[in-house]
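Visitor: I'd like a close look at one single part of this protein, please. Pick a spot, and tell me how it fits in with the rest.

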Amino acid sequence: MWFTYELQRRLTGTGVTSNAVCPGFVPAAIAERRTSLADRFLYKQILARMPFARSLEQASTSYMVAATDPGLDTTALAGNDSPCDPRRD
């Protein structure tokens, strides 16, 4: 995020915007990289049910909005104020 803030600061006035996307906590993505069966079970079956966890579909929505929303061509936002945040309905 800090890189994006600094990049946007440097790009101010150039007509180019910089946006960052944080998918949040996605246990399914982490589980795929674990080699221990216990770890995989923990991430896929237990942590995935936590209220703060996001599914792969929810996480990918943020990236798709950031990549395709024409409103972001002239606006640089980050965090929960961003239109890329699917919780912002």
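Guide: Sure! The protein exposes about 6,500 Å², and carbon and sulfur atoms supply 58% of that (areas come from the Shrake-Rupley method with a 1.4 Å probe, and for residues only the protein chains shown count as cover). What you see is a predicted model, where local features need pLDDT of at least 70 and side-chain atom pairs need 80 or more, while totals for chains, interfaces and linings use all residues. Residues are numbered from 1 along each chain as its sequence is written, and side-chain values use heavy atoms, leaving out hydrogens and water.

Now the big picture. You have four helices and zero strands here (DSSP runs, numbered from the N terminus: H or I of at least four residues for helices, E of at least two for strands). Of the 89 residues, 22% are buried (under 20% relative accessible area; exposed is over 50%, partly exposed in between, with a 1.4 Å probe and protein chains only).

Let's zoom in on the loop between helix 3 and helix 4, where you'll find Phe-52. Phe-52 helps make a nonpolar surface patch of about 450 Å², together with Phe-41, Leu-42, Ile-46 and Met-50. (Patch residues have over 30% relative accessible area and no salt bridge; like charges are joined within 9 Å, and nonpolar side chains, meaning Val, Leu, Ile, Met, Phe, Trp and Tyr, within 5 Å. A salt bridge is a Lys or Arg side-chain nitrogen within 4 Å of an Asp or Glu carboxyl oxygen.)

Searching the whole structure turns up two aromatic pairs (rings of Phe, Tyr and Trp, using its six-membered ring, with centres within 6.5 Å; planes under 30 degrees apart are stacked, over 60 edge-to-face, the rest tilted). Phe-52 and Phe-25 form a tilted one, 5.7 Å centre to centre with 45° between the planes. Phe-25 sits in the loop between helix 1 (2-11) and helix 2 (27-31), and Phe-52 in the one between helix 3 and helix 4, so the pair ties together parts that are 27 residues apart in sequence. Phe-25 counts as partly exposed because its relative accessibility is 26%.

Ser-55 shares this neighbourhood: look for it in the loop between helix 3 (37-46) and helix 4 (56-68). Ser-55 is partly exposed too, since its relative accessibility is 34%. From Ser-55 to Phe-25 you'd count 30 residues along the sequence, yet their C-alpha atoms are 8.6 Å apart in space.
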